[in-house]
Amino acid sequence: MNAHEIDYKLYGEEMQYVEIELDLQEGVVAEAGSFMMMDNGIKMETIFGDGSNKNQGFLGSILGAGKRILTGESLFMTAFYNNLSGKRKVSFASPYPGKIIPIDLTEFGGKFICQKDAFLCAAKGVSIGIEFSKRLGRGLFGGEGFIMQKLEGDGMAFVHAGGTMAKKVLQVGETLRVDTGCIVGFTQTVDYDIEFIGGIKNTIFGGEGLFFAKLQGPGTVYIQSLPFSRLAGRVLASAPQGGGKQKGEGSILGGLGDLLDGDNKF
């Protein structure tokens, strides 16, 4: 497998986008909806699956698309090609506040495992597949279910993490315990399992769930500080329910308080 050799540049801090520079006949594949802008001369094509060499032929394309359904993604991906001489640029934006992480698959033995919604885009030729969990506990309680995404090949791929990203390089036997929703991805050499928190008070009143994710080296792990599920949960918890008052509207000023603090609703 030989993926296209692409150049890139990241822009922004909290709401990042990645600009991919394509030479003649080079291409990049991306999740539907992540496109931001492109130069004249870039051709866009909707494809089944990831369009990698592993999915040659009609049957291969169907199987590749079917794997994406299992991860909760669309049947289709979008490929962008430079059909003119010279360099052309195409950009892709992150879906919510966080960081875009460039992953050079050649540095990780040609394989990287990530959460289902982390993938943003990759060089044409990178295979975007699925990774089944072989452990019952991890599949039931690991936060990511039995299926994660698997990126394979020898090119560049880009994944997205919410909030601030932490990169941890684990040595042989070194263990890291993580909130199950905070995992972005890890290399194939990392052993991933779940661990019961333990203790009645911790379990009932700790507010951190029942399980940790246990990651054991050697290998590299990427952790996000703000999973989208956590962000969405806080937004929903603060939203008015059933036409009632907003959260935090219990002051004696009532509506006048909204005028004073600038939280006006139109």
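**A friendly note on this predicted model**

1. Let's start with Met-37, which is partly exposed, with a relative accessible area of 39%. Please keep in mind as you read that this is a predicted model. Met-37 sits in strand 4, a strand made of residues 35-38.

2. Which residues share a surface patch with Met-37? Phe-35, Met-36, Met-38 and Met-44 join Met-37 in a nonpolar patch of about 450 Å². The biggest share of this patch comes from strand 4, which supplies four residues.

3. Phe-35 is worth a second look. Besides being part of the nonpolar patch, Phe-35 belongs to an aromatic cluster together with Phe-80 and Phe-92. If you would like to look for further ring pairs, the structure holds seven aromatic pairs.

4. How are the rings of Phe-80 and Phe-92 arranged? Their centres are 5.3 Å apart and their planes meet at 70°, so this pair is edge-to-face, since an angle over 60 degrees falls in that class. Phe-80 belongs to strand 6 (residues 76-82) and Phe-92 to strand 7 (residues 88-93), so the pair ties together parts that are twelve residues apart in sequence.

5. Are Phe-80 and Phe-92 buried or exposed? Phe-80 has a relative accessible area of 1% and is buried. Phe-92 is buried as well, with a value of 0%.

6. Next, follow the chain past strand 7 to Ser-94, found in the loop that leads from strand 7 to strand 8 (98-104). Although in a loop, Ser-94 counts as buried, because its relative accessibility of 8% is under the 20% limit.

7. What surrounds Ser-94? Leaving aside residues up to four places away in sequence, Ser-94 touches Met-15, Gln-16, Ile-100 and His-160. For Gln-16 there is a further detail: its backbone oxygen lies 2.9 Å from a polar atom of the Ser-94 side chain.

8. Two backbone details deserve a visit too. The first concerns Gln-25, in the loop between strand 2 (17-22) and strand 3 (27-30). Its phi is near 70°, a positive value in a residue that is not glycine.

9. The other detail is the peptide bond that runs from Gly-217 to Pro-218: cis or trans? This bond is cis, and its omega is near 15°. To find Pro-218, look in the loop between strand 18 (211-216) and strand 19 (219-224).

Key. Residues numbered from 1 in each chain as written. Predicted model: local features only at pLDDT ≥ 70, side-chain atom pairs only at ≥ 80, totals over all residues. Heavy atoms only, no water. Phe/Tyr/Trp six-rings, centres within 6.5 Å; stacked < 30°, edge-to-face > 60°. Buried < 20%, exposed > 50% of the residue type's maximum accessible area, 1.4 Å probe, protein only. Patch = residues over 30% accessible without salt bridge, like charges linked within 9 Å, V, L, I, M, F, W, Y side chains within 5 Å. Areas by Shrake-Rupley, 256 points an atom, 1.4 Å probe, with all protein chains shown as cover. Salt bridge = Lys/Arg side-chain N within 4 Å of Asp/Glu carboxyl O. Polar contact = N/O pair within 3.5 Å; in protein donor to acceptor, adjacent residues only side chain to side chain. Contact = heavy atoms within 4.5 Å.
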